[in-house]
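Q: I'd like to learn how to read a structure with two chains. Can you walk me through it, feature by feature?

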2 protein chains.
Amino acid sequence: MRELRKITVIGLGLLGGSSSLAILRAFPKVKVVGYSHRASTRQKAKDLAVATEVVDDIKSSVTESDLVILATPIRTFEDIFIEIGPALSKGCIVTDVGSTKVLVHRWAAKRLGKGVHYVGSHPIAGSGERGIEFSRDDLFCGAACILTTTKTTDHESEDVLSNFWSELGCVVETMTPQLHDRIFSDISHIPHVVAAALINASDDQTLKFAGKGFIDTSRIASGPANIWTDVLMTNTKNIDSGIDRVIGELLKLKKAVAGEDERQICNLLDKARNKRAALIKHKFEKKELL
Amino acid sequence: MRELRKITVIGLGLLGGSSSLAILRAFPKVKVVGYSHRASTRQKAKDLAVATEVVDDIKSSVTESDLVILATPIRTFEDIFIEIGPALSKGCIVTDVGSTKVLVHRWAAKRLGKGVHYVGSHPIAGSGERGIEFSRDDLFCGAACILTTTKTTDHESEDVLSNFWSELGCVVETMTPQLHDRIFSDISHIPHVVAAALINASDDQTLKFAGKGFIDTSRIASGPANIWTDVLMTNTKNIDSGIDRVIGELLKLKKAVAGEDERQICNLLDKARNKRAALIKHKFEKKELL
């Protein structure tokens, strides 16, 4: 398998900084070059020794890199591909840590040269915190990491990247970008949208009485609005159909309640309860819940 | 203030059993009579010494009681009022621990005699568990308890009941049944409906990938379907308008996403984030979150 000697991390927030630190830990011989467009972030990266080297020029950051990881907002990727494309070495693997994948594959196919191999990565890791100062070299330990590949994906690059994330502590699984975006719409983006809608539908005076139930149900809506806007804007079709499906289920319940159809209300609530019980059972069996 | 010498608890599930145990702890001189229509529950109540006395006749259970507490499903209350009404002493206070209140006040006004004083109670307590075997005498310690009163409520009875719940460890607040049902629709019943709709809108294969976000967002949908059916069936108008408001917010987000209206998406997500931040801040300041 191809050896990784130099890796570039573009974008030094929590995920970029943690990727960089994790590489330094897992691959002590690898040179990690970090790039951020912000001078203050570059200074913090140097102070925290997050990378072997921190540079202020994105093009030179990728020169002779074996692997380039994009850890900036998803909608910056196409411009970054255009900018770094000419500077990438033949055989270089390009990936990213973004939460949606279909558009990124499209941009990569359009903007990266033939000798460069794009494979998508989505490590399911994070914390309540943001920013390089919260970076940690164990952020990916035990996390799932989805690789996304298409018919044209280079198999060796996929293997190298799979091994790379495994070494960082991830449990790697591969799927198409289409399936990825549909699944994450369902389990992450739509719940975020629903939590936001639930909060926005309540008035501030009422919310003062909220207890643990409401607080749990709405928790994910506290994620940063700009990052989530980026996610929703790059997964529009799945969000659209996902919202329609939730509205459909809400209308079923509304109709049952308005008609005082006790059996149907109970059926719908019981269905949800059983589906969730099956989910929790599955998670326990796979030891994904502790 | 009137002295409580005998208290009857009708229904011996988690809330009834815990009320009874809490009374024995807080009012050692009071006689607590427990009633359940199930022989097996009565036997458990005796084995666990949940009440001073456990009886199998609902009418005689309330004879000479100063306070009768209904802890059965909400929609059994009207029939119970009819059944126990003739056996209640003049001056007896009747309350319940149900999650909706408008209908209960209406049934009480219609079915209880003039010398009997109904005041609603909603202690916000519970646990993941159900059934008398999980009863505990500290279930209400630190819990909020909403009393519901109307223009015709007897003030002395309200004071006695407020003092009663305080002695059991509750922080008592009083409001109208209408306001109560609107608030709890918003912060409890609608989140339950939304969580159920979210789960029912996802397919089982997709759910296998669900992580902490989805699991938190959907947690409350694991509540018992029959109890929640009871709640929704007794708060239909608020549920109806609450679902409409959530759908309205979902449609705003759907429109913004379909139109790739970045600013509007970000505004809506940010609004939710800020409202939730204000809620958490309020809860911390009131020391309701630890």
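Q: Let's start where the chains meet: how many residues of chain A are in contact with chain B?

A: A word on the source first: this is a predicted model, where local features need pLDDT of at least 70, side-chain atom pairs count only at pLDDT 80 or more, and totals for chains, interfaces and linings use all residues. Residues are numbered from 1 along each chain as its sequence is written, while chains are lettered from A and ligands numbered from 1 in the order in which they are written. Now the case: 67 residues of chain A are in contact with 67 residues of chain B (contact: C-beta atoms, placed from the backbone, within 7 Å). On chain A, α7, α8 (204-207), α9 (212-218), α10, α11 and α12 each supply at least two residues of that side, and α12(A) gives the largest share, 15 residues. Helices here are DSSP runs of H or I with at least four residues, strands are runs of E with at least two, and both are numbered from the N terminus.

Q: How are the two copies related?

A: In general, two copies of a chain are related by a rotation about an axis and a shift along it. Here a turn of 180 degrees with a shift of 0.0 Å along the axis lays chain A on chain B, at an RMSD of 0.0 Å (least squares on C-alpha atoms of residues with pLDDT of at least 70 in both). The copies are thus related as by a two-fold rotation axis. In chain A, the C-alpha nearest that axis belongs to A:Thr217, 2.0 Å away. Both copies use the same surface: 100% of the contact residues of chain A recur in chain B.

Q: What about the nonpolar core: which residues touch the most other members?

A: In soluble globular proteins, nonpolar side chains tend to be buried together. The largest nonpolar core has 56 residues, and A:Ala196, A:Val246, A:Leu253, B:Ala196, B:Val246 and B:Leu253 touch the most other members. A core is a set of buried Ala, Val, Leu, Ile, Met, Phe, Trp, Tyr and Cys residues joined through C-beta atoms within 7 Å; buried means 20 or more other C-beta atoms within 10 Å of the residue's own, placed from the backbone. Helices of both chains, including α7 (177-200) and α11 (236-258), give two or more residues each. Take B:Val246: among its contacts are A:Leu250 and A:Ala197 from the other chain, plus B:Ile190 and B:Val194.

Q: Is α10(B) mostly covered or mostly open, and what covers its buried residues?

A: Mostly covered: 7 of its 9 residues are buried, B:Trp228 and B:Asp230 among them. The cover includes α11 and α12 of chain A, together with α7 and α11 of chain B.

Q: And the sheet: what is the order of its strands in chain B?

A: Strands of a sheet pair through backbone hydrogen bonds, either parallel or antiparallel. This open sheet of 3 strands runs β7-β8-β9 in chain B, with mixed pairing (a pair needs at least two DSSP bridges). β7(B) and β8(B) run antiparallel, joined by 4 bridges, with B:Ser121 opposite B:Leu147. β8(B) and β9(B) run parallel through 5 bridges, and there B:Ile146 stands opposite B:Glu173.

Q: Which handedness does the unit of β8(B), α6 and β9(B) have?

A: With helix α6 (residues 155-167), the two strands make a right-handed β-α-β unit: with the strands pointing away from you, the path from the first strand over the helix to the second runs clockwise.

Technical notes:
Contact = placed C-beta atoms within 7 Å. Buried ≥ 20, exposed ≤ 12 C-beta atoms within 10 Å, placed from the backbone. Lists of a residue's contacts leave out its neighbours within four places in sequence.
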